[in-house]
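Biologist: Could you take me closely through a single part of this model, the contact between chains, and begin with whatever I need in order to read strand pairing? I would rather have one connected account than a list.

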Amino acid sequence: MNQAAENAGLAIGDSLADARAKAGMLQVGAEDSGAGDAALCRLALWATRYTPTASSWNEENGADGFFLDIEGAAHLFGGEESLMADLAGRLNRFELPARLAVADTPGMAWALSRFHAGSPFILPSGCEAAALARMPIAALRLSPETRTVLRRLGFKSVGALMDTPRAPLAARFAADLLKRLDQALGRVEEPLVPIVAPPVYHSVHYALEPIVTQQAIVARACRLMQNLTHVLVRDGVGARALKLSLYRVDGAVKTFGIGLTLPTRSVSHVARLIDLKLDALAAMQDTGFGFEAIGLAVTRAEPMSGRQTELHPSRAAEDDVEIECCAALIDSLQQRLGVHRVRKFKPVPSHSPERAETLPPIEDMAALAWPQPDRARPLFLLPHAEPTEVTALVPDGPPRRFSWRGVTYDIAGAQGPERIAAEWWLNHRQHCDLAPTRDYYLVEDGKGRRFWLYREGLYGRETAAARWFVHGLFA
Amino acid sequence: MAELRRLLPGPNSLHHGWHEKPLSFGLDALDSHLPEGGLACGALHEIVPATQAALPAAFGFLVALLARRSSPSLAAFAKSGADDIVHSFSLPPRVRKPVLFIVPAYGWSRCGHLPGRIFGHGLNSLGFDPSRAILVETAHRKETLWALVEALRSGTPRAVAGAIDRLDLKTSQKLHLAAMDAGLPLLLLRPSQTLESSAAATRWRVGTAPAARDRFGLYAHPRWRLQLERCRNGRPGEWVVEYDHVTHRFSLVAALADHSLSRGSGASSLKQAARS
C-alpha cells in the first residue's frame, strides 16, 4: 500500500466494495503477481551490492521482501548503522518506502521489519527474547490455522507463548510453532537460500562518480582482480569461473559470467576477457546514467599450483606456459564469439555416422584419444542425409548413376557396401521400430568427385523399394 | 671476413630468420619449384577449389597440409633424412599444439554454404588427428577476421586454417603480416570465383582427380590436380599429386600407374614430372 492509500484509510484485506466506499476514485486492476515477484527479485539482485547473500522471501514469509546476510560485510560500510542509512537512502531515492531491520536471526529481523514502529531498527545482540516477548503472535510466521487456534486459546503476544511450558505446545500444535519460535530466538539455524549462488571470493568497487565508459569498467575490474589475486594466492587456487556485476545508478544490475579453460590468477588475462565480453554483448549501449558499483566474484575456484620461475626454463615449464597460452586463446575466443562457438571434436563409440562424434564446447585442456582410422570416412558430413535418385544394375548392387541437387553423376567406381545397422539398444528403449539398416557405398564419378551414398533398408526383409541418400563428401 | 659474412643475415632472413623451416611437401618437384623450398610458414596461403564441386577436394588438400604440418617427425623424415629423425625422436614429445579451423556458420554469400559439417572421422582418415583441432564458428565476416588475427597474434596454434568469402587487398595484407609476425602458416579456403588480387604468398587452385586404388580395387589415396596460380617470387605450375594419409607424404602421380590420367590434361603432370 502506498501513502495515498493509507491516507484514504484503506487497509490490506478490505473487500472491494469497502475500499470503493472509502476511496471513490479507486481504479481496480487484476494483480500481476509475476511482475511483482520479478521486481522484488531485481531489487534483491541490486542489494547484492551490500553482500553477496540476498535471499528472497518465499510464500510463508509473505513473499514481499528479502533477507540480506550482512555478517562480515557491515564493516565495509562503516558499521551496521551506516549500512542501514545508506540502504534506506538509496531505497528512498527509488521511491520505495521500505521497512528495514537488523537482527541476529532472520526470524527476528522479519518480525522487527513487520511489527516494530521504527523503520531502520537495529536490535542489539542478545535482546531477542525481550524484543520478541512484546510482539503479537503474527510475528512468528505461523500458518493461519495455527494463528486462529492460538487466538482462540487466548495467546495475544509471543511473550505469553514463551512463558508456557513447551511440552503441551509440542503435543497440541504442529512442529512449526516451536520451530518458528526457536528460529526467531536463534536456538535453531535457519538457512537462507540465496537468489544467486554465493561466490567463493567477492570484491566490490564503489565508484565516486558513475562510470560510463568501457575502459573505465575494465580498469576498475582490473583493480578488483588484483584484490582477489592476493586471496587466491593465499589459498592456492585459481579462478575457473568469474562473475562481473555492474550496478547501474537506477538500480538495474547486469551480470556477466566468464568461464575459463584453466584456473588463472592473471589480472591482464581477466581484464582482456572482460573487455571482449563487453564488446561481444554490446553491453555499453545501455548504460543509462552510468554504473555506480562494480562487483567481481569468483564463482568457481580450483586448486592451482604455483609455478616456480626458473633461471633455466626446463622443458616441462615451457610446456606449461604453452598450455596456458592455448587456454588463454580459447578463453578469448569464447568470450568474444560465445562459448558454444569454440568446440572440439569428441569421438563417440558408435558406428552410426550421425552419432560417431559430438562437438562439445571446450571446457578443459584434456586431450581426447581418437581411434586410428580404419575405414574411409567423408570429410564433410551433410547435416541431413539427402534423398537421391539412383540407377543400379541389380536392386541390391552398387549404384551406377545418381542425381543429386539437380546434377546427374555417372559413377565410374564404387566401393562397398559397408553395412551399418541401427543400434537396437537405443531404439528399443524408445519403444519404436528399428531404423532400417544402411548399406554405404563410396562412389566416384568420372571427374574424381567422391560421395558417400547409402541405401536404406534390406531388400525383402525390411523394405520392398529401397531409398537412396547422399550422406557425405570425400576430399 | 668470411666469419663476418657468415654472421650476416641472409637475404630472406629479414622476416623469416627466426622462423621455422618452410613446410615441405616431401616432393622435390614441388619443393624445388617454390622459392622457399616449401610453403613459407609465416605467410598467407590461399586455397581455391577449381569449381564449386571441387570444394571438398580443396579442403582435403588444406587438411593434408595441416596434417603434414602437425607431424614434425614425419615431415623431418621426409625432408632431410636421418639427422632430423634422430633429433626429433630423442626428445620427449612436446605439447600438442592445436590447429584452429575458423569456419563461417553463416555460409558464403557468393558460393553457397560449406557442403556440410566438418566430420572428425573424415579428418582422421586424412591423417589429421581431430583431437588437435579446435573448431571456431563465426557469425559474420568481421568475426572471422577478428578470430583469424586473434589466433595468429596469440602465436599458440600450430597453424590456422579458415574459410572466408570476400577479402580485399588491404585485409589480406593485414592477415599476411599477422601470419608473418607469428611465424605461422595461415591457410585460407576461398570460394571458386576468387579473382581479386591479394597479398597471399601462394594461391593454389585444387581440382579433383580420380583416386588411386590399391591392388584390391579399394580407394587408397586421394589425388588432387594442383595448380599453383600465383606464387610470390616464383613461377606458377601444375601437378597431379597423390596424398598418403599414413606417411603424410605427397607424391606425383606416376605416369603408368593410372591410365585415366594419360587422357586429357593429365599430360601436363607428366611434363612436370619429366622436367623435375
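Modeller: Two strands are said to pair if DSSP finds at least two bridges between them, and strands themselves are DSSP runs of E with at least two residues, numbered from the N terminus. With that in hand, please keep in mind throughout that this is a predicted model.

A pairing within chain A shows how the term is used. Strand β6 (residues 237-248) of chain A is joined to β8(A) by eleven bridges, and the two strands run antiparallel; within this pairing, K243(A) stands opposite A297(A) of β8(A). Strand β8 (residues 291-303) of chain A is also joined, by seven bridges and again antiparallel, to strand β5 (residues 201-211) of chain A, where I211(A) has F291(A) as its bridge partner. In a regular strand the side chains alternate between the two faces of the sheet.

The term also applies across the contact between the chains. Strand β9 (residues 342-344) of chain A runs antiparallel to β4(B), and three bridges join them; one of the residues concerned is K344(A), whose bridge partner in β4(B) is I134(B).

Turning to the contact as a whole, 54 residues of chain A and 53 residues of chain B take part. The size of an interface is often given as the accessible area lost when the parts come together. For chain B and chain A that area is about 4800 Å², with 64% of it on carbon and sulfur atoms. On the side of chain B, the residues that lose the most area to chain A are R117(B), F119(B) and Y219(B), which together account for 15% of what that side buries.

Polar interactions also cross the contact: the rule finds 19 residue pairs in polar contact between chain B and chain A, counting pairs with both residues at pLDDT 80 or more, and four salt bridges. The elements of chain B that each supply at least two residues to the side touching chain A include the helices α4 (55-69), α7 (120-125) and α8 (141-154), and the strands β3 (117-118), β4 (133-138), β7 (202-213) and β8 (219-231). By class, that side of chain B is made up of 32 nonpolar, twelve polar and nine charged residues.

Side chains of opposite charge can pair when their charged atoms come close. R117(B), named above for the area it loses to chain A, forms a salt bridge with E357(A), with the closest N and O atoms 3.0 Å apart. R272(A) and E150(B) likewise meet through their side chains in a salt bridge, at 2.5 Å from N to O. Because R272(A) lies in helix α12 (residues 267-281) of chain A and E150(B) in helix α8 of chain B, this pair joins two chains. The partners differ in how accessible they are: R272(A) is partly exposed, with a relative accessible area of 38%, whereas E150(B), at 12%, counts as buried, because buried means under 20% relative accessible area.

One residue of chain B deserves a separate look here. L126(B) sits in the loop between α7 and β4 of chain B and counts as buried at 6% relative accessibility. Apart from its neighbours within four places in sequence, L126(B) contacts L379(A) and A475(A) in chain A, and in chain B G60(B), V63(B), A67(B), P222(B), Y243(B) and H245(B). L126(B) and V63(B) are 63 residues apart in sequence, yet their C-alpha atoms are 7.2 Å apart in space. Such a pair can be set beside the figure for chain B, where 71% of the contacts between residues at least 6 apart in sequence join residues at least 24 apart. Chain B as a whole comprises ten helices and ten strands, and 57% of its 276 residues count as buried.

For comparison, chain A has charged pairs of its own among the 35 salt bridges found over all chains. R401(A) forms a salt bridge with D410(A), the closest N and O atoms being 2.8 Å apart, and R401(A) and D410(A) are partly exposed, at 43% and 45% relative accessibility. In chain B, salt bridges that share partners join E46(B), R190(B), R203(B), R205(B) and E229(B) into one network. D410(A) is also touched by D445(A), a residue of strand β15 (residues 438-445) of chain A that counts as buried at 4% relative accessibility.

Definitions and conventions. Residues are numbered from 1 along each chain as its sequence is written. Chains are lettered from A and ligands numbered from 1 in the order in which they are written. This is a predicted model: local features need pLDDT of at least 70, side-chain atom pairs count only at pLDDT 80 or more; totals for chains, interfaces and linings use all residues. Side-chain values use heavy atoms; hydrogens and water are left out. Buried means under 20% relative accessible area, exposed over 50%, partly exposed in between (1.4 Å probe, protein chains only). Contact means heavy atoms within 4.5 Å. Buried area is the accessible area (1.4 Å probe) that two parts lose on being put together, summed over both. A polar contact is a pair of N or O atoms within 3.5 Å; within protein, one must be able to donate a hydrogen and the other to accept it, and residues adjacent in sequence count only if both atoms are side-chain atoms. Ala, Val, Leu, Ile, Met, Phe, Trp, Tyr, Cys and Pro count as nonpolar, Asp, Glu, Lys and Arg as charged, and the others, Gly among them, as polar.
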